[in-house]
Amino acid sequence: MILTGFIKDTFAASRLLKFSTDLPFIHVDYSLHIFNLIESPNGFIWNTMMRAYVQRNCPQKAVYLYKFMLKENMGPDYYTYPVLVHACAVRLSQIEGKQMHSHVLKMGFDSDVYVQNTLINMYAVCENMTDARQLFDESPCLDLVTWNSILGGYVQMENVEQAKYIYDRMPVKNTIASNSMIMLFGKAGRVTDACHLFDEMPEKDMVSWSAVISCYEQNEMYEEALAMFINMNAEGIKVDEVVVITVLSACSHLSVVQTGKLIHSLVVKIGIETYVNLQNALIHMSSKYQTQTHGNLGFPNDGSMELRTQQP
């Protein structure tokens, strides 16, 4: 493209830049080299390069590029500020985030729902729920992302009452929101609320099951955690490292020998036994078995219980 002169064609150059930034094995500096060869970059090209910096874990460079963009008298568009606000959120830089918010207001993009959502998320991530809630309450258009963003902020702050207030008023309660509430209820010791919400969910994924099992384990209801895991396995739900570690902790507290061995066999069969945290949990469980009297506390240790195995 350099030899033929097509690098000077803005559209062709923008396609090349987009291609390079989408591929993880192409270094971001090479994308910057392509960017610098473009004589008249348009807004799409600037946004692509800034987004590449955020995706490659270099959010500060995206902010520097934005400053250079303004010096070049290139006006931002509706796609520019979500990238930059997200860059501030990644860095947990509320000061820069507020500056971006001021630019959003100055440029007149404050009515755009996508920009609003990224601002709410930025304030929530930076644990500034006052400004996040003000934006939420003043937003003329609330979509599912808006509701999830404000809910996620309250969940992160472990503010059960405000999170429940938002969740109860969500016009559409998706699985992600419900899973977050189950986790929050578990941390707050509200097991009944967590189980009630789980039972009411029309669709449950692996995270839903894992959340309620973790809820039982966190609140020392180890038998219930194991029973729920057995139900999860019977339903054919794929398990992951997180839920297995939780269940092994329950086995360790209950000293159920055979159940722990069966779960270990399941781990080997689905191919996740090499995970370090999982190995640590297995070692802890085995060492505890050797120092305590074995018992089943209602769970069979004669090999009668069977666990289904799923392909990874």
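**Helix α15 and its two neighbours**

Let me begin with a crossing: helix α13 passes helix α15 in a left-handed manner. I should say straight away that what we are looking at is a predicted model, so please keep that in mind as I go along.

Where do α13 and α15 sit in the chain, and at what angle do they pack? Helix α13 covers residues 206-218 and helix α15 covers residues 241-254, and the two pack at an angle of about 25°, with their axes 10 Å apart. Angles under 35 degrees count as roughly parallel, and α13 and α15 are therefore described as roughly parallel to each other. On the α13 side, the contact is made by Ser210, Ile213, Ser214 and Glu217, while α15 contributes Val242, Val243, Thr246, Val247, Ser249, Ala250 and His253. If we sort the residues of this contact by class, we find five nonpolar, five polar and one charged.

One residue of that contact deserves a pause, and that is threonine 246, which lies in helix α15. Is threonine 246 buried or exposed? Its relative accessible area is 12%, and since buried means under 20%, threonine 246 is buried. When we leave aside the neighbours within four places in sequence, threonine 246 is in contact with Ile213, Ser214 and Glu217, and each of these three is listed among the α13 residues that make the helix contact. Threonine 246 can also be placed relative to leucine 226, from which it is 20 residues away in sequence and 9.3 Å away in space, going from C-alpha to C-alpha.

Leucine 226 brings us to the other neighbour, because it is one of the α14 residues in the contact of α14 with α15, and here I should first give the geometry. Helix α14 spans residues 222-234, and the axes of α14 and α15 come within 9 Å and cross at roughly 135°. That angle makes α14 oblique to α15. Like the crossing we started from, this one is left-handed, with α14 passing α15. The residues that make the contact are Tyr222, Glu223, Ala225, Leu226, Phe229 and Met232 of α14, together with Val243, Val247, Ala250, Cys251, His253 and Leu254 of α15. By class, the contact of α14 with α15 has ten nonpolar residues, one polar residue and one charged residue.

Now let us step back to the whole chain. The protein has 17 helices and zero strands, and buried residues make up 46% of its 312 residues. Among contacts between residues at least 6 apart in sequence, 63% join residues at least 24 apart.

What does the UniProt record add? In an unreviewed entry, UniProt lists residues 42-76, 143-177 and 205-239 under "repeat: PPR". Over residues 42-76 the chain is 74% helix and 0% strand, with the end C-alpha atoms 10 Å apart. The span of residues 143-177 is likewise 74% helix and 0% strand, and there the end C-alpha atoms lie 13 Å apart.

I will finish with two loop residues. Asparagine 73 is placed in the loop between α4 (59-71) and α5 (80-90), and its phi is near 60°, a positive value in a residue other than glycine. With a relative accessible area of 71%, asparagine 73 is exposed. Glutamate 158 is found in the loop between α9 (144-156) and α10 (160-169), and its phi, near 55°, is also positive in a residue other than glycine. Glutamate 158 is partly exposed, with a relative accessible area of 48%.

Note on methods: Residues are numbered from 1 along each chain as its sequence is written. This is a predicted model: local features need pLDDT of at least 70, side-chain atom pairs count only at pLDDT 80 or more; totals for chains, interfaces and linings use all residues. Side-chain values use heavy atoms; hydrogens and water are left out. Axes are lines fitted to C-alpha atoms, for helices over the stretch in contact, and angles run from 0 to 180 degrees between N-to-C directions. Helices (H or I, at least four residues) and strands (E, at least two) are DSSP runs, numbered from the N terminus. Angles under 35 degrees count as roughly parallel, over 145 as roughly antiparallel, 65 to 115 as roughly perpendicular and the rest as oblique. A crossing is left-handed if the near helix is turned anticlockwise from the far one by less than a right angle, and right-handed if clockwise. Contact means heavy atoms within 4.5 Å. Ala, Val, Leu, Ile, Met, Phe, Trp, Tyr, Cys and Pro count as nonpolar, Asp, Glu, Lys and Arg as charged, and the others, Gly among them, as polar. UniProt positions are given in the numbering used here, feature names are shortened, and annotations may be inferred rather than shown by experiment. Buried means under 20% relative accessible area, exposed over 50%, partly exposed in between (1.4 Å probe, protein chains only).
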